[in-house]
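Thank you all for coming, and please keep the structure open on your screens while I talk. I will start with a few individual places in the chain and then work outwards to the whole.

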Amino acid sequence: MTSVFGSGLGTGVQRWQRSHNLGELNADHAGKEVILMGWVHRRRDHGQLIFMDVRDRFGFTQVVVDPGIVPQLLDAASAIRNEFVIALKGIVQKRPDGMINKAIATGAIEIAVKELRILNACDVLPFPVSEDAETSEALRLKYRYLDLRRPRLKDNILKRIKFVKSMRRALEGQGFLDIETPFLYKSTPEGAREFLVPSRIHPSHFYALPQSPQLFKQVLMVSGFDRYYQVVKCFRDEDLRADRQPEFTQVDCEMSFVDEEAVLATFEAITRQAVSEFFDGREIPAFPRMSYDDAMEHYGVDKPDTRFELKLQDVSDLVAASGFKVFAEAISTGGIVNALVVKGQAEAFSRKDIDELTDFVRQYGAKGLAWAKKGAGSGLAGWQSPVAKFFSDETVDAIDKKLNLQAGDLVLFGAGGYDVTKASLGALRNQLGARLKLYEPSQLNFLWIQGFPLLERDAGANRWIAKHHPFTSPRPQDIGLLDSDPAAIKASAYDLVLNGNEVAGGSIRIHDPEVQKKVFATLGLSDEDAQAKFGFLLEALKFGAPPHGGIAFGLDRLTMILTGCDAIRDVIVFPKTQKGTCLMTGAPGEVSSDQLRDLHIRVQRLE
RNA sequence: GGGGGCGUAGUUAAGUUGGUUAUAACGCCGGCCUGUCACGCCGGAGGCCGCGGGUUCAAGUCCCGUCGCUCCCGCCA
């Protein structure tokens with residue numbers, strides 16, 4: 001830039017040191033000489049008088065270039081454009097009466113500029129930085145550093161930092177120790193797909209990036225650290241969603257000498273304290289608890305949004321004998337018929353609307369959606385429904401009674417296997433809740449879910465797989481069922497749900513090596529496999545492992561909800577696209593043949 | 001692996017039934033302006049309509065493919 005004003009802080013010009021940030025000056029500072037630095041947020045050029053809003057992360061300060069003070073500054077100020085980085089020396093002055101800007105913290109004052117330096121220029125911007133204008137995701141990610149200057153994203157990141165601080169304070173207050181664990185770990189391909197890191201020193205051997213520090217934290221309990229936590233990256237090479245990134249952050253926690261009740265009590269207190277502090281003292285009520293079975297039965301999901309009712313209701317017994325084949329067959333083949341009663345919305349949903357809902361549930365494998373609109377009158381006369389003709393007056397009356405139907409209600413029926421019917425109606429319930437605005441978005445409904453099954457059937461192979469992970473303890477009273485009835489075993493596992501999102505999950509771990517071996521065996525892991533993959537754990541358990549359990553919070557997801565965002569990208573500084581790429585750096589990229597040779601790797605594309 | 005949405009100037013969008021020179025706002029450039037704070041006024045430049053192919057006298061518009069971003073299903077111990 002022009003030599004008259006210097007090009008920076010370095011040689012050849014008098015050394016300047018910033019005296020204040022751009023959010024802290026007020027009328028009390030009037031008359032003071034200050035040195036300020038920041039980005040030019042907006043310029044208002046009146047020809048012989050130029051105003052600039054200068055911005056840093058602390059706020060905005062208006063500076064005024066008035067030729068009545070230093071005439072030759074006008075040319076330099078005229079050359080300044082949006083997002084130039086400037087430094088200035090000037091006098092704080094109260095703004096004239098009636099010119100106070102109440103919208104900004106520094107609105108009572110302005111800086112009369114005496115000296116001005118342009119520290120750096122800025123090209124024409126790819127999108128407006130001074131406001132949160134709608135911008136395509138691709139551009140935002142490519143120029144992430146500019147997006148991060150904008151108020152919304154900047155505030156999200158600052159809020160995330162604030163929440164992490166609150167969590168740390170709450171955890172430290174309970175005696176949890178912040179301990180780091182390795183990122184270069186051993187591949188244990190039991191759960192999510194892993195990111196692999198080839199070893200240079202050991203040809204054809206690989207590290208894996210941990211999908212969670214699970215086993216390290218358990219071993220730390222064996223070591224006697226008693227209470228551990230870590231704000232830690234985890235890596236999972238699975239497909240992305242709005243609330244899933246390939247690398248994400250957990251607040252990972254573990255504690256010794258506890259049972260399920262103690263863990264829930266501890267982390268409920270910690271969460272309530274941290275969230276309350278995050279909202280500057282907001283009252284956070286105690287967390288209700290619900291069994292997994294009840295959640296599935298009434299909400300169709302294991303993470304119910306309890307901000308609104310609209311529960312799933314079972315009508316299987318009422319329609320089992322009806323002439324409607326779809327219902328009768330669902331039940332005779334072991335399935336169910338469930339209903340959702342949408343109160344007073346019969347008129348609001350057209351045929352087309354219901355068709356759209358039908359398409360929606362088809363995504364979840366449902367075959368369709370039957371419906372009825374309740375009008376005046378009883379029996380068939382009171383029902384407008386394409387399936388009414390298959391029912392008797394008595395059946396309709398029985399359904400009316402069970403569902404407590406009133407004129408103007410819309411009923412949606414799902415029929416089929418238990419899993420598909422629950423899942424599709426559960427998703428439909430959430431969809432309707434959002435569409436009909438059945439809840440207050442800022443409400444925070446925390447909820448513990450307990451009593452998960454320990455095992456579930458693998459859809460493909462004919463075997464048991466762990467629902468949580470293979471180190472989860474059965475409930476003490478269920479350990480005996482490992483031999484007799486694995487399906488009936490409930491786990492000492494729990495999820496913390498917030499507004500229909502899983503925000504934390506954990507369990508009491510197995511600390512008895514014999515039980516651990518038995519669970520591995522039930523999962524179809526041979527002794528040799530168990531030894532090869534988790535031998536270090538089995539061995540550690542033999543050397544005086546205390547009873548222990550823990551939990552891991554999904555920090556990104558939790559922050560997303562607390563800040564009212566729709567995607568975790570908006571609370572992560574440098575997120576990946578849905579295909580796992582970084583549009584700013586270009587990762588993942590190709591590597592040189594030299595690098596590959598060092599790693600003893602030859603790349604061959606498989607069909 | 002599968003299904004849906006979007007892609008037009010630097011940005012955000014409009015673009016009718018396929019039909020003349022592809023519009024607007026903001027931004028950008030030039031000029032004017034001493035109390036603005038989304039400053040104002042006047043003027044101007046700016047387009048591979050994502051890319052490739054096809055249909056047609058004629059394609060931003062219709063069809064096929066492809067790339068990018070995105071939402072969802074599967075997947076995520």
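Let me begin with Asn499, which sits in the loop between E20 and E21. What I want you to look at in Asn499 is the backbone, because phi there is near 50°, a positive value in a residue that is something other than glycine, and with a relative accessibility of 7%, under the 20% cut-off, Asn499 counts as buried. I should say straight away that this is a predicted model, and everything I describe today is computed from it.

Now compare that with Asp226, which has its place in the loop between H5 and E9. Asp226, which is not a glycine either, also has a positive phi, of about 75°. Is Asp226 buried, partly exposed or exposed? Its relative accessibility is 32%, and because that falls between 20% and 50%, Asp226 counts as partly exposed.

Since we are beside H5, let us stay there for a moment. Helix H5 covers residues 214-223, and its buried residues are Gln214, Leu215, Lys217, Gln218, Leu220 and Met221. Which elements cover these buried residues of H5? They include strand E9 (227-235), E10, helix H15 (527-542) and E22. After H5 comes Gly224, and there phi is positive again, near 100°.

One more backbone detail belongs in this group. The peptide bond that runs from Ala587 to Pro588 is cis, with omega near -5°, and Pro588 is found in the loop between H16 and helix H17 (593-598).

Let me turn to the cores. In soluble globular proteins, nonpolar side chains tend to be buried together. Here the largest nonpolar core has 40 residues, and Phe163, Phe267 and Phe553 are the ones with the most contacts inside it. Several elements give two or more residues to this core, among them helix H4 (151-173), strand E10 (247-256), strand E22 (548-554) and H16. Which element supplies the largest share of the core? The answer is H6, with 7 residues. If you would like one residue to follow on the screen, choose Phe267, which, leaving out residues up to four places away in sequence, touches Leu171, Phe176, Cys253, Met255, Trp448, Ile551 and Phe553. Apart from this core lies another one, of 25 residues, and these include Ile50, Ile80, Ile86 and Val92.

H16 deserves a second look, since Arg557 is found in this helix, which spans residues 555-562. Arg557 has a relative accessible area of 19%, and because the cut-off for buried is under 20%, Arg557 counts as buried. If we set aside residues up to four places away in sequence, Arg557 touches Asp243, Arg244, Glu502 and Ile568.

Next, please find Ala339, in strand E13, residues 336-342. Ala339 is buried, with a relative accessible area of 0%. Its contacts, apart from neighbours within four places in sequence, are Lys311, Leu312, Gln313, Val315, Leu403, Val411, Leu412 and Phe413. The C-alpha atoms of Ala339 and Ala415 are 8.9 Å apart, while along the chain these residues are separated by 76 places.

Ser187 gives us another case to examine, this time in the loop between strand E6 (177-178) and strand E7 (196-198). Ser187 is partly exposed, at a relative accessible area of 28%, and, with neighbours within four places in sequence left aside, it is in contact with Glu194, Leu196 and Ala208.

Finally, let us step back to the whole of chain A. There are 17 helices and 22 strands, and of the 607 residues 48% count as buried. How are these residues divided into domains? The assignment gives domain 1 (7-120), domain 2 (154-291 + 447-593) and domain 3 (308-438), and the C-alpha centres of domain 2 and domain 3 lie 38 Å apart. Among contacts between residues at least 6 apart in sequence, 68% join residues at least 24 apart. The C-alpha atoms fill a box of roughly 95 × 70 × 55 Å along the principal axes, and the chain exposes about 29900 Å², with carbon and sulfur atoms supplying 51% of that. As for charge, there are 75 positive and 80 negative side chains, and the centres of the two sets lie 4 Å apart.

Terms used:
Residues are numbered from 1 along each chain as its sequence is written. Chains are lettered from A and ligands numbered from 1 in the order in which they are written. Side-chain values use heavy atoms; hydrogens and water are left out. Helices (H or I, at least four residues) and strands (E, at least two) are DSSP runs, numbered from the N terminus. Buried means under 20% relative accessible area, exposed over 50%, partly exposed in between (1.4 Å probe, protein chains only). Contact means heavy atoms within 4.5 Å. Accessible areas come from the Shrake-Rupley method with a 1.4 Å probe; for residues, only the protein chains shown count as cover. Lys and Arg count as positive and Asp and Glu as negative; His and the chain ends are not counted. The place of a charge is taken as NZ of Lys, CZ of Arg, CG of Asp or CD of Glu. Domain bounds come from an automatic or database domain assignment. A nonpolar core is a set of buried Ala, Val, Leu, Ile, Met, Phe, Trp, Tyr and Cys residues joined through side-chain atoms within 4.5 Å.
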